Amino acid sequence: MNKRVMTLDEFTIQELRNYPGATGQLSGLLRDIGLASKRVNVEVNKAGIADILGEAGKTNVQGEAVKKLDEFANDQLISTLRNSIYCCGVASEENEEFIAFEDELSMNSKYVVLMDPLDGSGNIDVNVSIGTIFSVYRRLSPNGTRCTLEDFLQPGSQQIAAGYIIYGSSTMLVYATRRSVQGFTLDPSIGEFCLSHPNLKVPEDSDIFSVNVGYYHLYEEKVRNAIDLFMAKDNTQRVYRHRFVGCMVSEIHRTLIQGGIFMYPIFGKYTQGRLRLCYECNPMSFLMEKAGGMAIADGERRLLDIKPTELHQRIPIFIGSKNMVEAVKETLR
Ligand code: AHG
Ligand code: MN
Ligand code: MN
Ligand code: MN
């Protein structure tokens, strides 16, 4: 009956035993991110009663309205990482500039973190899933110094770890390292993330596609052609199911478990795409590739190969099951 499951801490310590030479710093960092997300989770759960809903009356650096929970999540993550000794700096979707931690222990840490503290914030008011996305790089600047912008502007292929927390019907933390993708579910009775989805692999094929079809006529012709691959034109064709939650974390989580493709192309005023390279697309692409999937920015470029030139840069993305992304890539060429 009472099957003993491993907690996040137990699992990462177990991993250390398997890899002698590992310092445990990344495990410590993942634990701290897990801790911050548990604090966010408490607030997300009571958002309905706690007058924390709605706009905070400000706009973020990208000109979007900031919801109160975005701010809360941003503050929690930053303060937890500031207290942590495993992180020398953080860049967030909600802050114009990166933050360098200047105490001696933090400055001696080798990792920087980039994050979208609250993804899918448009879903808050309607009680639909939201998430947190994070990305970890090894700093390029020397240990013991203040971290620099260059530490944050590395191509996604250089990530050490990346993942997300989904605040859904249950709260889960899913993360990838260079070795594997692991999924943990929050057990509210003990307040711990417990290993529930070991060694996640994305199905190579699926019957689900996800894209905002509201913008269909605003997409480039080759993108419309790619979407048309999944739209049955008569009864003889293979039929696909369409899903669009409006929260990248949810789309990626579904894709990871059930397979499929999620697309966010260029349209209208979003001439470089809407989703952010450093906070959203890089971490999700790293995770998807580690799970056996694929992620591209267009017909030519693997997303993880792109070298960011600025923190808040945007990028189009096509991500998910290998066969489906391959088919789209062919069409986009
Ligand atoms: P954020 O809440 O962090 O600003 O990101 C929301 C993003 C993304 O998660 C989602 O896929 C997209 O916005 C949905 O936008 P549209 O509804 O305009 O397509
Ligand atoms: Mn936002
Ligand atoms: Mn987002
Ligand atoms: Mn956000």
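What distance separates the centres of domain 1 and domain 2, taken over C-alpha atoms? In this predicted model, the protein chain is divided into domain 1, spanning residues 8-197, and domain 2, spanning residues 208-332, and their centres lie 23 Å apart when taken over C-alpha atoms. To the contact between them, domain 1 gives 34 residues and domain 2 gives 29 residues. On the side of domain 1 that touches domain 2, the elements contributing two or more residues are the strands β5 (111-119), β6 (130-138), β7 (161-167) and β8 (171-177). Of these, β6 provides the largest share, with five residues. Sorted by class, this side of domain 1 holds 18 nonpolar and 13 polar residues, along with three charged ones.

Both domains also meet around the ligand. The shell of ligand 1 takes at least three residues from each of domain 1 and domain 2. Surrounding ligand 1 are Glu-64, Glu-93, Asp-116, Asp-119, Gly-120, Ser-121, Asn-212, Gly-246, Cys-247 and Met-248. By class, four residues of this shell are charged, four are polar and two are nonpolar.

Turning to the sheet that includes β11, five strands are arranged in the order β12-β11-β13-β15-β14, forming an open sheet with mixed pairing. The edges are occupied by β12 (241-242) and β14 (294-296); each has a single partner strand, so one side of each is left without a neighbour in the sheet. Further in, strand β11 (residues 208-210) runs parallel to strand β13 (residues 261-264), and two bridges join the pair. Here Phe-209 stands opposite Ile-261 in β13. Helix α7 (residues 248-258) packs on this sheet, where it touches β11, β13 and β15 (317-320). The direction of α7 makes about 155 degrees with that of β13.

A helix pair completes the picture. Helix α1 (residues 8-18) packs with helix α2 (residues 25-46) at an angle of about 170 degrees, and the two axes are 10 Å apart. Since angles over 145 degrees count as roughly antiparallel, α1 is therefore roughly antiparallel to α2. From α1, the residues making the contact are Leu-8, Asp-9, Thr-12, Ile-13 and Leu-16, while α2 contributes Ser-27, Leu-30, Arg-31 and Gly-34. By class, the contact of α1 with α2 comprises four nonpolar, three polar and two charged residues.

Notes: Residues numbered from 1 in each chain as written. Chains lettered and ligands numbered in written order. Predicted model: local features only at pLDDT ≥ 70, side-chain atom pairs only at ≥ 80, totals over all residues. Pairing = 2+ DSSP bridges. Helix = DSSP H or I, 4+ residues; strand = E, 2+ residues; numbered from the N terminus. Contact = placed C-beta atoms within 7 Å. Axes fitted to C-alpha atoms, helices over the stretch in contact; angles between N-to-C directions. Parallel < 35°, antiparallel > 145°, perpendicular 65-115°, else oblique. Nonpolar A, V, L, I, M, F, W, Y, C, P; charged D, E, K, R; others polar. Near = placed C-beta within 6 Å. Domains from an automatic or database assignment.
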